[in-house]
Amino acid sequence: MRVAILSAEAVPYSKTGGLADVAGALPKALKQIGIDSFLITPCYLQTKGEHLWHVAIDDLWVEWRGKPYKAKAFYSEANGSPTFLIDAPEFFHRDSIYGYNEDYERFAFFNHTALALIKRLGSPPDIVHLNDWHTGFASVEIAHLRYWDSYWRNTRTVFSIHNLAYQGGFGSGELWQMGFGSEFEQNHFTFNGYASALKAGLSASDMLSTVSNRYGYEIQQSENGYGLDWLLRMRSDNLIGITNGVDYDVWNPETDENLRAHYNYQNLDGKIDCKKDLLEQFMLPIDLERPVFAIISRLTAQKGIELIQQVAGEIINTGAYFVALGSGDSSYENFFQQLRDYAPNQVGVFKGYNEDLAHKIEAGADIFLMPSRFEPCGLNQMYSLRYGTIPIVRAVGGLDDTIQNFDRVTGTGNGFKFQEFQADKFLEKIYEAIFTYAEKDSWRRMQINGMLEDNSWQNAARKYVALYNLTLGN
Ligand code: ADP
């Protein structure tokens, strides 16, 4: 089976969120179980790993808006499997990866060029695996091409929803300009009077998946469907949930190069050194008895930062530490800055994106907070489990699927979760965590329960292969 994976971001080349972790790790895991797969992603100004590239194709001609355009493709295996990076400076050499009015066009171009590249590479893929709105264009293009270009006749598309909230909307008038001239193509995009790349992917792809079972259910309900729940309900026979894996080559306290000391479930001594290191990083006084609460997050409403704002004072009042790493909405950024000014001996804040610090926090913290409004899968709670850091989460999406409440009597469970989006419910769990933290044996039991879990990509990759087979009718 030959699989081409398209993603707007992928570790280690580029990353703004969990999509990059998935797109970096899945092809490697597929390769490890013998699937012939390759990844295609744009080459941004920010793309890392230059030393591992070479030019694979320097004359990738495509027609764009009626004119010929010459792109390039680099080749790299920096993520552990074959990757092609589409180089088109006009579209991708910008100060940031997303956030431009013409993002829809940048990614439509990426899709169009990626399909030209696939064809240039030779034998047709059985599956083109698309991810989020940035790749919805390709599903329509393939659905269309299939009828008149024999190269694509037997290729099937799988579209994975990593976050339904981002839809890639734009004016329908642009469709024609970008080569989607037929009614067949336009119908896939049309949504409430404009064009949606996400809707196109959901409508034109042969099979759909999302990144947890629970999220797969939630997005079929009107309150979480962003106006597309009807389409997802219509296609529910072709929609399955596969929980993301963790790349334990990258997220593993036994080998993590960012940590001052290493540890595993049999000996957690190294975690204490990591806690000390973390407190030093934030220039906080060293008191190892007090718990460290942490968040690492895009600072957006999705992540429930509002609830954190409501409970932060209470956390500080218990004497605990609180560290935050993130960037996003300025009101949230300002809040964390003010919290730091209010309690400089207990609060550490890093505004921005910092991969190394994210690892140090996972290792050095005791309790990780994820009170999300919605969470398709969530990765940090799974990283926390492996690092012996106890997650407190809201029971939504992948958080609900991966975290079970700890039971002090039976010693089962790996964290704490609450249902309603309410500060008092969140606080109950925070106090329960602080209480359990003081019972060393219970805490250790809970840490070990989490650290022993196997959320590896190998499991998830096998499920993707089953999904590909289902899509191909095998
Ligand atoms: P989402 O994709 O919605 O942002 P996920 O939990 O699925 O949420 O994935 C977030 C990923 O991004 C994790 O790998 C997390 O460690 C990382 N991350 C988020 N914010 C930062 C930051 N400020 N610095 C470093 N890593 C971050």
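**Salt bridges, ligand shell and backbone oddities**

Q: How far apart are the closest N and O atoms where the side chains of Asp247 and Lys28 meet in a salt bridge?
A: A salt bridge here puts a side-chain nitrogen of Lys or Arg within 4 Å of a carboxyl oxygen of Asp or Glu. For the side chains of Asp247 and Lys28, the N to O distance is 2.9 Å.

Q: How many residues apart in sequence are the parts that Asp247 and Lys28 tie together?
A: Asp247 sits in the loop between β12 (239–241) and α10 (269–281). Lys28 belongs to helix α1 (residues 18–32). Helices (H or I, at least four residues) and strands (E, at least two) are DSSP runs, numbered from the N terminus. The pair therefore ties together parts whose separation in sequence is 219 residues.

Q: At which pLDDT do side-chain atom pairs count in this predicted model?
A: Since this is a predicted model, local features need pLDDT of at least 70, totals for chains, interfaces and linings use all residues, and side-chain atom pairs count only at pLDDT 80 or more. Residues are numbered from 1 along each chain as its sequence is written, and side-chain values use heavy atoms, with hydrogens and water left out. So, for side-chain pairs, the bar is pLDDT 80 or more.

Q: Are Asp247 and Lys28 buried or exposed?
A: Buried means under 20% relative accessible area, exposed means over 50%, and partly exposed is in between (1.4 Å probe, protein chains only). Asp247 comes in at 15% and Lys28 at 14%. By those cut-offs, Asp247 and Lys28 are buried.

Q: Which residue does the side chain of Lys303 meet in a salt bridge?
A: The N to O distance in this pair is 3.0 Å. Lys303 is in the loop between β13 (292–299) and α11 (305–317), and its partner is in the loop between β16 (367–370) and α14 (380–386), 72 residues apart. Lys303 is buried at 14% relative accessibility, and the partner is buried at 4%. That partner is Glu375.

Q: Which residue forms a salt bridge with Glu306?
A: The closest N and O atoms of this pair are 2.7 Å apart. Glu306 lies in helix α11 and its partner in the loop between β16 and α14, so the bridge ties together parts 67 residues apart in sequence. Glu306 is partly exposed at 31% relative accessibility, and the partner is partly exposed at 37%. The partner is Arg373.

Q: How many salt bridges does a search of the whole structure find?
A: The pairs above aren't the whole story: Arg214, Glu218, Asp400 and Lys417 are linked in a network of salt bridges. Searching the whole structure gives a salt-bridge count of 26.

Q: How many disulfides does a search of the whole structure find?
A: A disulfide is counted when two cysteine sulfur atoms are within 2.5 Å. Cys43 is buried at 3% relative accessibility, and Cys377 is buried at 2%. The disulfide count for the whole structure is zero.

Q: How many residues surround the ligand?
A: A residue joins the shell if one of its heavy atoms lies within 4 Å of the ligand. The closest are Lys15, Gly18, Arg298, Lys303 and Gly352. The full count around the ligand is 20.

Q: How much of the ligand's accessible area does the protein cover?
A: Polar contacts are pairs of N or O atoms within 3.5 Å; within protein, one must be able to donate a hydrogen and the other to accept it, and residues adjacent in sequence count only if both atoms are side-chain atoms. Oxygen atoms of the ligand lie 2.8 Å from an N or O atom in the side chain of Lys15, 2.6 Å from a polar backbone atom of Gly18, and 3.2 Å from a polar side-chain atom of Asn380. Of the 560 Å² that the ligand has on its own (Shrake-Rupley, 1.4 Å probe; for residues, only the protein chains shown count as cover), the protein covers 93%.

Q: Which element gives the most to the shell around the ligand?
A: α1, β13, β14 (321–328) and α14 each supply at least two shell residues. The top contributor, with three residues, is β13.

Q: Which peptide bond is cis?
A: Its omega is near 5°. The proline involved is in the loop between β1 (2–6) and α1. The bond runs from Val11 to Pro12.

Q: Is Asn192 buried or exposed?
A: Asn192 has a positive phi of about 50° although it is not a glycine. Asn192 lies in the loop between β9 (190–191) and β10 (194–196). At 65% relative accessibility, Asn192 counts as exposed.
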